[in-house]
Amino acid sequence: MSIIDKAIAAITPLESDEARAKARAKAEKVAQPGDWLSQILTHHQKIEAQFAAVKATNDPASRRAEQQRLGLLLTAHSLAEEAAVYPALAADNQVGHAELAYQEQSAAKMEMGLLERVDPMSQDYIDKLEHIEGAVAHHIYSEEGTWFTKLAESASPEDLALVTARYSEEFARYMGNHP
Ligand SMILES: [Fe+2]
């Protein structure tokens, strides 16, 4: 871990697994089958599983291949949120949350790019990957526990239908029509 990574890790509050499970349960309660939030919850779980898939590899080629899959999934998911959901947050009295959400995702994109420059079998690589995983988990916790549940409860059904349509459309640009 670089000095900057360590400093970020030190100031990033890490929630307990229990707190994360609570946030997810809260979001699952307000999600409707097939809507933007239920799609996002599925994608968050895919992202979590893909971090584990990268770590589970034992050779450079498969590690890079799983890392590429993680990068693609993160890009698809984050761009879809940036196009569809964060503007809706801003329109629904959550401008500060929207700004923070964009900022955190930009930082994750930069870190994923830097990860491509690190020897995949080194300890440095694992440290960096786990740092990104922690930052993404914290971001997901904020979305599920606060930002998105608030949005789901207060925006109009018409606005939320637009968010659903736009999120699906943007995600499919990268991933096709996979759930
Ligand atoms: Fe997300």
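Where in the chain is Gln 94 found? In this predicted model, Gln 94 sits in the loop between helix H4 (60–91) and helix H5 (95–115). Before returning to this residue, it helps to look at the fold as a whole.

The secondary structure of the protein chain comes to seven helices and zero strands, so that from the N terminus on the elements read α-α-α-α-α-α-α. For a chain of 179 residues, a compact globule would have a radius of gyration near 16 Å, and the value computed for the protein chain, 16 Å, agrees with this. Along the principal axes, the C-alpha atoms fill a box of roughly 50 × 35 × 25 Å. Of the 179 residues, 45% count as buried. Among contacts with a separation of 6 or more, 73% join residues 24 or more positions apart. The surface exposed by the protein chain comes to about 9,400 Å², with carbon and sulfur atoms supplying 58% of it.

A natural point of interest for the bench is the metal site. The protein donors of the iron ion are His 44 (NE2), His 77 (NE2), two OE atoms of Glu 81, and Glu 143 (OE), and they lie 2.2 to 2.8 Å from the ion. Along the chain, these donors follow the spacing H-x32-H-x3-E-x61-E. His 77 and Glu 81 are four residues apart in helix H4, which means that about one helical turn separates them. An α-helix has 3.6 residues a turn, so residues three or four places apart point the same way. Both His 77 and Glu 81 are buried.

Another donor, His 44, is among the buried residues of H3. This helix has 20 residues and reaches 29 Å from its first C-alpha to its last, close to the 28 Å expected at 1.5 Å a residue. At the start of H3, a side-chain oxygen of Asp 35 comes to within 3.2 Å of the backbone nitrogen of Leu 37. Besides His 44, the buried residues of H3 include Trp 36, Leu 37, His 43, Ile 47, Phe 51 and Val 54. The buried residues of H3 pack against helix H2 (17–30), H4, H6 and H7.

Helix H7 (residues 157–175) offers a similar check on geometry. Its 19 residues should span 27 Å at 1.5 Å a residue, and its end C-alpha atoms are 26 Å apart, which agrees. Buried positions in H7 include Leu 160, Val 163, Tyr 167, Phe 171 and Met 175, along with the polar residues Thr 164 and Glu 170. Helix H3 (36–55), H4 and helix H6 (123–154) are included in what covers the buried residues of H7. After H7 comes Gly 176, whose phi is positive, near 75°.

Helix H6 also holds His 138. With a relative accessibility of 15%, His 138 falls under the 20% cut-off and therefore counts as buried. His 138 and Leu 14 are 124 residues apart in sequence, yet their C-alpha atoms are 6.7 Å apart in space.

To come back to the opening residue: is Gln 94 buried or exposed? Gln 94 has a relative accessible area of 3% and is therefore buried. Its side chain reaches the backbone oxygen of Trp 147 at 3.0 Å. Leaving aside neighbours within four places in sequence, Gln 94 is in contact with Leu 89, Trp 147, Lys 150 and Leu 151.

Technical notes: Residues are numbered from 1 along each chain as its sequence is written. This is a predicted model: local features need pLDDT of at least 70, side-chain atom pairs count only at pLDDT 80 or more; totals for chains, interfaces and linings use all residues. Side-chain values use heavy atoms; hydrogens and water are left out. Helices (H or I, at least four residues) and strands (E, at least two) are DSSP runs, numbered from the N terminus. Buried means under 20% relative accessible area, exposed over 50%, partly exposed in between (1.4 Å probe, protein chains only). A polar contact is a pair of N or O atoms within 3.5 Å; within protein, one must be able to donate a hydrogen and the other to accept it, and residues adjacent in sequence count only if both atoms are side-chain atoms. Contact means heavy atoms within 4.5 Å. The expected span of a helix is 1.5 Å times one less than its number of residues. Donors are N, O and S atoms within 2.8 Å of the metal (3.2 Å for Na, K and Ca); water is not among the atoms, so sites may look incomplete. The radius of gyration is taken over C-alpha atoms; the globule rule is 2.2 Å times the number of residues to the power 0.38. Accessible areas come from the Shrake-Rupley method with a 1.4 Å probe; for residues, only the protein chains shown count as cover.
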